[in-house]
Amino acid sequence: MKVCHLTSAHPQEDIRIFHKECASLAAAGYKTYQIACGTRYKKFGVRQVGIGEPATGRLKRMLGTSRKVYLVALKLDADVYHFHDPELLPYGLKLKRRGKTVIFDSHEDVPGQIMDKYWIPKLLRKLVSGMYRKYETHVVKRLDAVVAATPHIAEKFKGRAKRVVTVNNYPKLDDVIFHDSPFSGREAVVCYAGGIDENRGEKIMKQAMKKVPGELIIAGDHAVEKQGNVSYVGRLDRPGVNELYGRSVAGLCILKPIENYFYSQPIKMYEYMAAGLPFVCSDFPGWRKVAEESGGGVLVDPEDNDAIRKAITELLTDREKAQEMGRNGRAYVTEYCTWAKEEEKLLALYKELSKS
């Protein structure tokens with residue numbers, strides 16, 4: 001079976017799309033393609049069909065790049081099309097009308113996400129969110145399935161889509177090295193690896209670190225620089241991220257209290273646990289369960305700098321407790337939150353759709 005994943009907004013080697021879903025399908029014997037901005041090459045059995053440099057500007061990407069992705073997809077003439085961006089909804093519907101099997105992979109609760117989009121005027125957000133949800137419903141009820149990245153997102157599609165399958169964005173344990181070297185011998189370092197902006201807690205973390213006796217290392221798309229005891233090291237590859245985890249005492253995941261984050265599942269939190277790091281995270285409903293059940297995390301009010309500072313300082317000070325929490329997190333992830341378990345659900349869906 002020839003399957004094709006489509007994205008107009010994500011990088012070619014996106015962790016969820018390429019390293020997890022596409023790689024798993026290729027390993028299972030599917031002839032797997034991915035269309036995205038970039039170049040043409042083959043890796044992990046996945047044929048990358050690059051369409052060139054990404055567009056500059058949101059509007060050009062949403063209109064021009066999405067259409068380009070669709071036209072290339074048509075030429076491939078795949079059996080199954082699996083797309084990952086809301087802007088591709090119209091083209092998913094076009095592919096379905098051509099008799100193809102089509103899956104929408106919803107990484108976010110988009111109607112909820114729209115309510116926090118700074119580039120949409122605040123007075124218009126509710127209207128735009130409602131219009132988007134209505135159109136999304138119009139499309140997904142005609143598609144073969146929706147794959148949701150979290151149970152919360154899956155719940156949003158109940159009664160709107162023919163079939164909804166939750167495929168959590170949990171880590172591949174083979175990718176994340178479990179570091180069990182004594183914390184007592186590590187530097188006073190905490191880390192953050194991921195997207196960098198104010199909503200993801202950049203300002204919160206920097207303010208909290210002002211009186212912490214240690215260093216925060218931030219890995220992500222940012223110029224390499226040092227600001228006091230906060231160091232930006234740029235975007236790291238997988239070995240670089242693993243090295244960062246191995247020298248750190250704790251990982252931070254302190255996002256702003258935005259509704260769309262309350263039930264999200266930030267991959268960095270699960271990666272910290274997989275690496276054997278305790279984590280400090282925002283006290284959100286969806287995150288509280290993981291922190292408390294695993295015994296691997298400290299919950300803080302993201303708007304309380306003193307509480308954040310205290311939590312980080314305590315982990316840097318009590319290294320024995322920090323390492324015990326890290327081991328608890330590793331055990332929890334190994335038992336409940338691995339990509340291997342999610343892969344089974346993805347492959348089961350494809351097998352089922354191939355029979356229909």
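## Helix α11 and a few other spots

The buried residues of α11 pack against β9 (189–193), α7 (202–208), β13 (250–253), β14 (279–282), β15 (297–300) and α12 (319–336). Contact here means heavy atoms within 4.5 Å, and buried means under 20% relative accessible area, with exposed over 50% (1.4 Å probe, protein chains only). Helices (H or I, at least four residues) and strands (E, at least two) are DSSP runs, numbered from the N terminus.

A word on the model: it is predicted, so local features need pLDDT of at least 70 and side-chain atom pairs count only at pLDDT 80 or more, while totals for chains, interfaces and linings use all residues. Residues are numbered from 1 along each chain as its sequence is written, and side-chain values use heavy atoms, leaving out hydrogens and water.

Back to α11. Ile308, Arg309, Ala311, Ile312, Leu315 and Leu316 are its buried residues. They sit on the same side of α11 because they cover an arc of only 160° around the axis, the arc being that of the directions from the helix axis to the C-beta atoms. On the other side, Asp306, Lys310 and Thr317 are exposed. At the N-terminal end, aspartate 304 acts as a cap for α11, with a side-chain oxygen 3.2 Å from the backbone nitrogen of aspartate 306.

Now for histidine 19, which belongs to helix α1 (residues 15–27). Histidine 19 is buried, at a relative accessible area of 18%. Leaving aside residues up to four places away in sequence, histidine 19 touches Glu13, Asp14, Phe44 and Lys172. Its side chain also makes a polar contact with the side chain of glutamate 13 (3.4 Å); such a contact is a pair of N or O atoms within 3.5 Å, where, within protein, one must be able to donate a hydrogen and the other to accept it, and residues adjacent in sequence count only if both atoms are side-chain atoms.

Phe44 brings us to backbone angles. Most residues other than glycine have a negative phi. Two residues with a positive value are listed here:

| Residue | Phi | Loop |
|---|---|---|
| Phenylalanine 44 | near 55° | between β3 (41–43) and β4 (46–50) |
| Aspartate 77 | near 50° | between α2 (58–76) and β5 (80–83) |
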